[in-house]
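Visitor: I would like a close look at one part of this model, namely the pocket and the elements around it. Please take me through what holds the surrounding chain together as well.

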Amino acid sequence: MPSVIKVLVRSAQNLPCTTQRPGGPDSYAVLTFGEEQQKSAVACGSRAPTYDFSTRFEVDDDRHLVSTPLSLTIIQRDRVAADDVIGTVVLSLEPLLSHSTSLDSEIDGWLPLHDTLLGLRGEVCMQVRVSHGAGGDAGSSRMRGAMMGLAAEREDEVQFYAVSRLTHRVYPQQWICGEVEELLVEADPEYNALQDTFRSSRRSNAARLALLYKLSFKLREAVARKTIRLGANAVLAYQQHFDVEGDSGIVARAYGTAVHLVSRTALMGEIQREATEMHNSAALGAGAPATFSRSPAPSSKAGASAAEGFPTTRSRRGVESATVASGAGQGVPQPAAADGAAEAAALGSAEH
């Protein structure tokens with residue numbers, strides 16, 4: 001589903017004094033999403049500059065919001081030498097996709113600027129909003145799958161939770177499907193022989209951070225595929241571990257428990273649907289009203305019920321089931337019994 005990322009960079013504060021100019025450095029903001037980059041105007045001579053810079057990025061598929069981070073870099077302008085990086089903020093947009101229930105979702109506030117060599121370098125105030133197409137929800141199919149109690153069909157529909165237990169007030173039905181894990185190994189860019197002569201420490205650290213983010217997404221995608229194969233729609237107690245000191249490169253491992261969740265909203269909707277179907281069948285006056293079993297029943301019983309003219313319903317596993325309400329002792333005609341008696345009488349006359 002297409003989406004639009006709207007970004008507003010308001011201001012920064014507590015920037016370091018990296019110049020002899022009074023007031024502070026000249027600086028500007030650079031926003032990067034994937035291969036697209038946008039720059040703000042230069043704010044002159046201030047450690048607390050105001051940018052008031054707004055821009056937007058158009059995304060064709062929500063999956064790019066999960067796999068691609070949004071990066072904001074504050075850069076000091078140098079009139080003589082090359083411009084210097086003050087600090088960077090890297091934002092994952094996935095929370096805007098998986099925990100929202102409105103058409104627009106946003107992140108708004110002060111975020112820390114970080115440098116891979118010098119640490120904390122100030123704060124920046126910004127707003128990030130993701131607007132989705134008119135035909136979809138902001139939570140898209142990720143949230144909708146669990147809310148409706150459906151198994152996930154795509155990797156981006158699987159929800160991940162760091163906690164090992166969810167409250168039954170929200171998800172009254174929870175099925176454990178099994179354990180899922182994944183292991184990946186990638187070459188460490190820190191030891192790239194082709195770049196040993198030309199690399200800088202900051203560039204090497206940036207390359208390693210980019211690789212860690214890429215590995216994190218690959219782990220989630222692989223774990224999501226295994227979760228789908230188990231018929232689940234969420235992963236509990238999800239954890240990722242990275243080993244950057246191994247001889248074989250950077251080793252990334254993820255694991256968790258695949259579960260199938262059904263929310264209280266979906267459960268109440270199912271009960272209401274069953275009650276409506278029972279009321280409609282009773283209003284038809286065709287026979288005894290049918291009550292519906294919530295547990296799966298053998299398909300042979302479902303076929304017999306359908307042949308007798310009783311309505312059927314589908315359980316969560318897709319097995320048709322129907323249970324005839326007890327009414328034989330109350331003088332209610334039973335079509336199956338009547339047909340059986342007629343068949344027995346016909347067989348008896350044929351024997352005579």
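Guide: The structure holds 0 disulfides, and this, like everything that follows, is read from a predicted model. A disulfide is a covalent bond between the sulfur atoms of two cysteines. Cys44 is exposed, with a relative accessible area of 51%, whereas Cys125 is buried, at 9%.

Turning to the pocket itself, the largest one encloses about 1100 Å³ of space. Its lining comprises 27 residues, and those closest to the centre are Ser71, Thr88, Val90, Ala206 and Ala210. Several elements share in this lining, with β2 (27-33), β5 (70-76), β6 (84-91), β7 (104-115) and α4 (201-229) each supplying at least two residues. Among the contributors, helix α4 gives the most, with 9 residues. Sorted by class, the lining of the largest pocket is made up of 12 nonpolar, 10 polar and 5 charged residues.

Some of the elements that supply the lining also carry, or flank, ionic contacts. Side chains of opposite charge can pair when their charged atoms come close. Over the whole structure, a search finds 8 salt bridges. In one of them Asp26 pairs with Arg77, the closest N and O atoms being 3.4 Å apart. Because Asp26 lies in the loop between β1 (3-13) and β2, and Arg77 in the loop between β5 and β6, this pair ties together parts that are 51 residues apart in sequence. The two partners can also be described by their accessibility: Asp26 counts as buried, at 4% relative accessibility, while Arg77 is partly exposed, with a relative accessible area of 27%. The contact belongs to a wider arrangement, in that Asp26, Arg77 and Arg79 are linked in a network of salt bridges.

A further salt bridge involves β7, where Glu106 pairs with Arg129 and the closest N and O atoms are 2.6 Å apart. Here the link runs between distant parts of the chain, from Glu106 in strand β7 to Arg129 in strand β8 (residues 119-132), 23 residues apart. Both ends of this pair are partly exposed, the relative accessible area being 29% for Arg129 and 37% for Glu106.

Helix α4, which gives the most to the lining of the largest pocket, takes part in another such contact through Arg208, which forms a salt bridge with Asp188, the closest N and O atoms being 2.5 Å apart. Asp188 sits in the loop between β10 (173-186) and α4, and Arg208 in helix α4, so that the pair joins distant parts of the chain, 20 residues apart. Asp188 and Arg208 are both buried.

Lastly, strand β4 (residues 50-59) deserves a word for its pattern of side chains. In a regular strand the side chains alternate between the two faces of the sheet. Along β4, Tyr51, Phe53, Thr55, Phe57 and Val59 point to one face and are buried, while Thr50, Asp52, Ser54, Arg56 and Glu58 point to the other face and are not. The partner of this strand is β1, which runs antiparallel to β4 and is joined to it by 8 bridges. Within that pairing, Ser3 stands opposite Val59 in β4, and Val59 is itself one of the buried residues of the strand.

Note on methods
Residues are numbered from 1 along each chain as its sequence is written. This is a predicted model: local features need pLDDT of at least 70, side-chain atom pairs count only at pLDDT 80 or more; totals for chains, interfaces and linings use all residues. Side-chain values use heavy atoms; hydrogens and water are left out. On a 1 Å grid over the protein atoms alone, a cavity is a set of points where a 1.4 Å probe fits but cannot get out, and a pocket is an open set with protein on both sides within 12 Å along at least five of seven lines; lining residues have an atom within 4 Å of a point. Grid points are joined across faces, edges and corners, and a volume is the space filled by probe spheres set on the points. Helices (H or I, at least four residues) and strands (E, at least two) are DSSP runs, numbered from the N terminus. Ala, Val, Leu, Ile, Met, Phe, Trp, Tyr, Cys and Pro count as nonpolar, Asp, Glu, Lys and Arg as charged, and the others, Gly among them, as polar. A salt bridge is a side-chain nitrogen of Lys or Arg within 4 Å of a carboxyl oxygen of Asp or Glu. Buried means under 20% relative accessible area, exposed over 50%, partly exposed in between (1.4 Å probe, protein chains only). A disulfide is a pair of cysteine sulfur atoms within 2.5 Å. Two strands pair if DSSP finds at least two bridges between them.
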